[in-house]
Each structure stands twice: as C-alpha cells, then as structure tokens.
Amino acid sequence: MRSVPKFAERLELATFCSALGRASVGERRTRIEGNQGAEIEAAVLWVYTDTETGLPATFTDRFLAIYGPSAAGRRTQTRLRHAKPPEEALETTWRFGVPDVDIADHVNNVAYLRPVADLLLGGSASDGLAFEAEYRRPASAGPARMLTHDDRAWFVDGERKTLA
C-alpha cells in the first residue's frame, strides 16, 4: 500500500488472475488507484475448491478458459517462507469478533491486518504498509495470542504453533 484513499476519492479497481500454481491454486491481484493519489496493490493465493466437499479441486477447463489468459503462463509457488517466531518474541493478546469469521467458520484473512497495523503502526497506515501473511491453520472468533518481534507478528495457538 503506497497511499490510502481519502474521503470521497473516486477509486478504480482492477482484479485479475495473475498466476496459476498447482492444480488448484491461483494468485489473484487487485490494484486500486484513486483520482487523489490513492494507490494500493494486493496479491493473494486462493484455492479452487469443490462446492460440495469444500476440498481443493483440480481446475476445470471452464475455469482455465476464463482465468488462464490473464495468468499469461505465470506460475505461483505455494511453499511457506516465513520463519517461526523467535523465543524472545513478545506476547500480546487480541480478540477476533464474530464479524471476523467467514463462511468457512474461521477468521477471514483480512481480519489479521487490523491488529498487525494497530500494533506496528500505532493504528495509522498513512506512511504506507507492506503486509505479507501465511495462513497455516484456521483461527476462530475469540481470544487470540499474537507474538511480535521487530516488524513481524505471528498469531499462535496455546502451544505456540503458528496460525498466521
């Protein structure tokens, strides 16, 4: 995020499939530009799932016909890259509310941004923010444990296993 939108700023959004990975993983990129200088870019990995089972499914020919052209042959990786939290990381608490939970009954990915921004930026993103998250296990509404060290944050369970 380079610049946040201002009140009443007209925004133009563009979203597209920017890369494909293994049989069920795609990268979706969204760009937001405003007529007063707002500039945001986000990229997320999503998993194509079977609507009946909720499990990852192989891309269908129809899916590839729609999203394949914008991926233009680019490939995405799904390998986790973030290190575990160091032992000296400080622990704080957070509470995810019911509105933070999505239809899969776990904390929605974007809900992690609020506590990280509040902690690392004092609640202000006016100077910009780069945010990268890896979701390892689902979290639920309720109390959460957040570990921080330098400019990094991890949400963990009671055994310090990383959630995000």
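Student: At what distance does the side chain of Glu134 reach the backbone nitrogen of His82?

Tutor: The model is predicted: local features need pLDDT of at least 70 and side-chain atom pairs count only at pLDDT 80 or more, while totals for chains, interfaces and linings use all residues. Residues are numbered from 1 along each chain as its sequence is written, and side-chain values use heavy atoms, with hydrogens and water left out. A polar contact is a pair of N or O atoms within 3.5 Å; within protein, one must be able to donate a hydrogen and the other to accept it, and residues adjacent in sequence count only if both atoms are side-chain atoms. For the side chain of Glu134 and the backbone nitrogen of His82, the distance is 3.1 Å.

Student: The backbone nitrogen of which residue lies 2.5 Å from a polar atom of the Glu134 side chain?

Tutor: Glu134 belongs to the loop between α2 (113-121) and β5 (142-149), where helices (H or I, at least four residues) and strands (E, at least two) are DSSP runs numbered from the N terminus. Not counting residues up to four places away in sequence, Glu134 touches (heavy atoms within 4.5 Å) Leu80, Arg81, His82, Leu163 and Ala164. The backbone nitrogen at 2.5 Å from its side chain is that of Arg81.

Student: Is Glu134 buried or exposed?

Tutor: Buried means under 20% relative accessible area and exposed over 50%, with partly exposed in between (1.4 Å probe, protein chains only). Because its relative accessibility is 9%, Glu134 counts as buried.

Student: Which residues make up the largest nonpolar core?

Tutor: A nonpolar core is a set of buried Ala, Val, Leu, Ile, Met, Phe, Trp, Tyr and Cys residues joined through side-chain atoms within 4.5 Å. The largest such core has eleven residues in all: Phe96, Val107, Ala111, Tyr112, Val116, Ala139, Ala144, Met146, Phe155, Leu163 and Ala164.

Student: What is the order of the strands in the open sheet of three strands?

Tutor: Two strands pair if DSSP finds at least two bridges between them. Strand β2 (residues 25-34) and β3 pair in the antiparallel sense over nine bridges, with Thr30 bridged to Ala42 in β3. The open sheet, with antiparallel pairing, has the order β1-β2-β3. Its edge strands, each pairing on one side only, are β1 (11-20) and β3 (39-47), so the full order reads β1-β2-β3.

Student: What angle does the direction of helix α1 make with that of β1?

Tutor: Axes are lines fitted to C-alpha atoms, for helices over the stretch in contact, and angles run from 0 to 180 degrees between N-to-C directions. Helix α1 (residues 61-71) packs on the sheet, touching β1 and β3, and its direction makes with that of β1 an angle of about 105 degrees.

Student: Why are Phe63, Gly68 and Ala71, which are buried in α1, placed on the same side of the helix?

Tutor: The arc is that of the directions from the helix axis to the C-beta atoms. On the other side of α1, Arg62, Ala65 and Pro69 are exposed, while β1 and β3 are among what covers the buried residues. Phe63, Gly68 and Ala71 lie on the same side because they cover an arc of only 95 degrees.

Student: Which residue just after α1 takes a positive phi of about 50 degrees?

Tutor: The residue is found in the loop between α1 and β4 (90-96). It is not a glycine, and it is exposed, with a relative accessible area of 54%. The residue with this phi is Ala72.
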